[in-house]
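The exercises that follow ask you to read helix packing, burial and contacts from a protein model. Try each task on the coordinates before turning to its worked solution.

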Amino acid sequence: MISLVPPVISAFTAGILILFADRSRLPAVNQRRQHGPSLGEATDPNVIRAVRRHGNLAENAAIFIACIALLEMLGGGRLWVEILCGAFVLARLLHALGLSLHNTVNPFRVAGVLLTVAVGLGLGVRLVLVAAPHLAG
């Protein structure tokens, strides 16, 4: 029988990410108000970068928080959870910084993408390893 652990580290990380998402939402809204369009595809590079900084974070953070909370609740190891959460936040910060620069093909963005992928792979493998022994029960 599994004894569920409260997902405290996941909750803390989710709090950081939602604050980060709110911080990236405001520039996207302001850029849309200044340069348009209010809905749909933008053509101004500043609008596109601002919208993608927010959108990319939202796309990645949701699945990460759901999965890391499951790992934490299943007892996947506090150190694992802390490392994965820290690496994910760092990856998203690097990616946002990279998308903030005029030349969006840069080492910050590449590092952010690669670290996000590495965290996703590590989290996925760890979830499978932690959950698999409980499938037969």
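Five exercises follow, and all of them concern a predicted model.

**Exercise 1. Overall architecture**

Determine the secondary structure content of the protein, the order of its elements and the extent of its C-alpha trace.

Solution. Begin with the elements: the secondary structure comes to 4 helices and 0 strands, and reading along the sequence gives the pattern α-α-α-α. Next, take the principal axes, along which the C-alpha trace spans about 55 × 25 × 25 Å. Then turn to burial, where buried residues make up 35% of the 137 residues. Finally, consider the contacts with a separation of 6 or more, of which 68% are between residues 24 or more positions apart.

**Exercise 2. Two helix pairs**

Decide how helix α1 is oriented relative to helix α2 and relative to helix α3.

Solution. Two packed helices are described by the angle between their axes and the distance between the axes. For the pair formed by α1 (residues 8-35) and α2 (residues 45-73), the angle is about 165° and the axes lie 8 Å apart. Since angles over 145 degrees count as roughly antiparallel, α1 is therefore roughly antiparallel to α2. The contact of α1 with α2 has, by class, 17 nonpolar, 7 polar and 4 charged residues, and the crossing in which α1 passes α2 is left-handed.

For the second pair, the axes of α1 and α3 cross at roughly 10° and come within 10 Å. This angle makes α1 roughly parallel to α3, because angles under 35 degrees are counted in that way. The residues of this contact divide into 10 nonpolar, 2 polar and 3 charged. On the α1 side they include Ile-9, Thr-13 and Phe-20, which belong to the set that meets α3 residues, among them Arg-78, Cys-85 and Val-89.

**Exercise 3. Neighbouring residues in α1**

Classify Thr-13 and Ala-14 as buried, partly exposed or exposed.

Solution. Thr-13 is found in helix α1, and its relative accessible area is 4%, so Thr-13 is buried, given that the cut-off for burial is under 20%. Leaving aside neighbours within four places in sequence, the contacts of Thr-13 are with Phe-64, Ile-65, Cys-85 and Val-89. Ala-14 is also found in α1, but its relative accessibility is 24% and Ala-14 therefore counts as partly exposed.

Two C-alpha separations complete the step. Thr-13 and Gly-75 are 62 residues apart along the chain, with their C-alpha atoms separated by 17 Å, while Ala-14 and Arg-78 are 64 residues apart along the chain, with a C-alpha separation of 16 Å.

**Exercise 4. The surroundings of His-95**

Establish where His-95 lies, whether it is buried or exposed, and which residues it touches.

Solution. Locate His-95 first: it is found in helix α3 (residues 78-100). With a relative accessible area of 4%, His-95 is buried. Not counting residues up to four places away in sequence, His-95 touches Asn-56, Phe-108, Arg-109, Gly-112 and Val-113.

**Exercise 5. Length and cover of α4**

Test whether the end-to-end distance of helix α4 agrees with its number of residues, and list its buried residues.

Solution. Helix α4 (residues 107-131) has 25 residues, which at 1.5 Å a residue should span 36 Å. The expected span uses one less than the number of residues. The end C-alpha atoms of α4 are 36 Å apart, which agrees with the expectation. As for burial, the buried residues of α4 are Gly-112, Thr-116, Val-119, Leu-123, Leu-127 and Val-130, and what covers them includes α2 and α3.

Methods. Residues are numbered from 1 along each chain as its sequence is written. This is a predicted model: local features need pLDDT of at least 70, side-chain atom pairs count only at pLDDT 80 or more; totals for chains, interfaces and linings use all residues. Side-chain values use heavy atoms; hydrogens and water are left out. Buried means under 20% relative accessible area, exposed over 50%, partly exposed in between (1.4 Å probe, protein chains only). Contact means heavy atoms within 4.5 Å. Axes are lines fitted to C-alpha atoms, for helices over the stretch in contact, and angles run from 0 to 180 degrees between N-to-C directions. Angles under 35 degrees count as roughly parallel, over 145 as roughly antiparallel, 65 to 115 as roughly perpendicular and the rest as oblique. A crossing is left-handed if the near helix is turned anticlockwise from the far one by less than a right angle, and right-handed if clockwise. Ala, Val, Leu, Ile, Met, Phe, Trp, Tyr, Cys and Pro count as nonpolar, Asp, Glu, Lys and Arg as charged, and the others, Gly among them, as polar.
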